[in-house]
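Q: I am new to this structure and would like to take a close look at one part of it. Could you start there and then show me the surroundings?

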Amino acid sequence: MTRPEPGPGPSDPEEPQPHVGLTPVGALVTCASIGLIGGWALRPLSQQYATSSPTPGWIQFGTLVFVAAFLAVAAWLTRRTIAQRQWLEPRHAVNRLALAKACALVGAAVAGGYAGYAIGWIGEPAQLAGERMTWSALASGAAVGMCVAALFLERACRVPDADDPDAAGPGAPGN
């Protein structure tokens with residue numbers, strides 16, 4: 001007597017289909033914590049091993065704002081496309097989902113890094129300490145915006161269940 005192979009088979013329709021879950025909050029908090037520690041450690045390390053500490057500026061802030069805006073527009077377009085039941089190439093959907101997941105984690109780490117760098121300058125009598133704290137705080141806020149926009153894009157990539165009549169949209173049969 002032979003036993004059947006374990007696992008789902010073609011005759012078992014009740015097995016859930018594999019899917020990609022949303023980015024867990026724990027992963028975002030972990031990335032932000034690692035970035036916070038790294039950013040906080042950057043000031044003493046740069047003072048010990050370099051001639052001067054880096055000074056963030058408008059380029060870093062502007063780049064993060066640009067990426068956040070790009071992700072927000074991509075999220076809006078993706079959500080609109082899926083809500084209207086228009087065709088979205090599977091590879092494009094997967095690329096957008098991968099971009100969203102990566103940018104959410106990187107955005108959290110960068111936000112933590114800039115926040116840690118700003119915290120590292122609190123109470124320091126250095127000449128550019130105020131400027132470093134200001135630009136670091138602005139860049140940290142822009143990175144949070146990048147992370148939030150990436151999470152919106154990730155959620156926009158979700159396709160509503162076919163069984164849910166409320167999620168089907170206005171153009172679906174039966175509405």
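With which residue does R43 form a salt bridge, and how far apart are the closest N and O atoms?

A: The partner of R43 is E124, and the closest N and O atoms of this salt bridge are 3.7 Å apart. This pair links distant parts of the chain, since R43 belongs to helix α1 (residues 25–49) and E124 to the loop between α3 and α4, 81 residues away. A salt bridge here is a side-chain nitrogen of Lys or Arg within 4 Å of a carboxyl oxygen of Asp or Glu.

Before going further, some background will help. You are looking at a predicted model, in which local features need pLDDT of at least 70 and side-chain atom pairs count only at pLDDT 80 or more, while totals for chains, interfaces and linings use all residues. Residues are numbered from 1 along each chain as its sequence is written, and side-chain values use heavy atoms, with hydrogens and water left out.

The chain has four helices and zero strands, giving the pattern α-α-α-α along the sequence. Helices (H or I, at least four residues) and strands (E, at least two) are DSSP runs, numbered from the N terminus.

Back to our pair, and to how covered each partner is. R43 is buried, with a relative accessible area of 14%, whereas E124 is partly exposed at 29%. Buried means under 20% relative accessible area, exposed over 50%, and partly exposed in between (1.4 Å probe, protein chains only). For the chain as a whole, buried residues make up 29% of the 175 residues.

R43 has another partner too. Its charged end sits over the ring of W121, 5.8 Å from the ring centre. To count, NZ of Lys or CZ of Arg must be within 6 Å of the ring centre and within 35 degrees of the ring normal. W121 is buried, with a relative accessibility of 1%.

W121 leads us on to aromatic rings, of which the structure holds two pairs. In the pair of Y117 and W121, the ring centres are 6.1 Å apart and the planes stand at 80°, so the arrangement is edge-to-face. Rings of Phe, Tyr and Trp (its six-membered ring) pair if their centres lie within 6.5 Å; planes under 30 degrees apart count as stacked, over 60 as edge-to-face and the rest as tilted. Y117 is buried as well, at 3% relative accessibility.

A step along from W121 comes a residue of another kind, I122. I122 is found in the loop between α3 (90–120) and α4 (129–156), and I122 is exposed, with a relative accessible area of 57%. Together with L36, W40 and I119, I122 makes a nonpolar surface patch of about 420 Å². Patches are made of residues with over 30% relative accessible area and no salt bridge, where like charges are joined within 9 Å and nonpolar side chains (Val, Leu, Ile, Met, Phe, Trp, Tyr) within 5 Å. The accessible surface of the chain comes to about 11,700 Å², and 65% of that belongs to carbon and sulfur atoms. Accessible areas come from the Shrake-Rupley method with a 1.4 Å probe; for residues, only the protein chains shown count as cover.

Our opening pair also has company, for the structure holds three salt bridges. K101 and E154 meet in one of them, at 2.7 Å from N to O. That pair also links distant parts of the chain, with K101 in helix α3 and E154 in helix α4, 53 residues apart. E154 meets R155 in a salt bridge as well, at 3.6 Å from N to O. Sharing partners in this way joins K101, E154 and R155 into one network. Within the network, E154 is buried at 1% relative accessible area, while R155 is partly exposed at 36%.

Leaving aside neighbours within four places in sequence, E154 is in contact with G21, L22, T23, L97, A100 and K101. Contact means heavy atoms within 4.5 Å.

R155 also brings in helix α2 (residues 58–83), the place of R79. R79 and R155 are 76 residues apart in sequence, yet 8.4 Å apart in space, C-alpha to C-alpha. R79 is exposed, with 59% relative accessibility.
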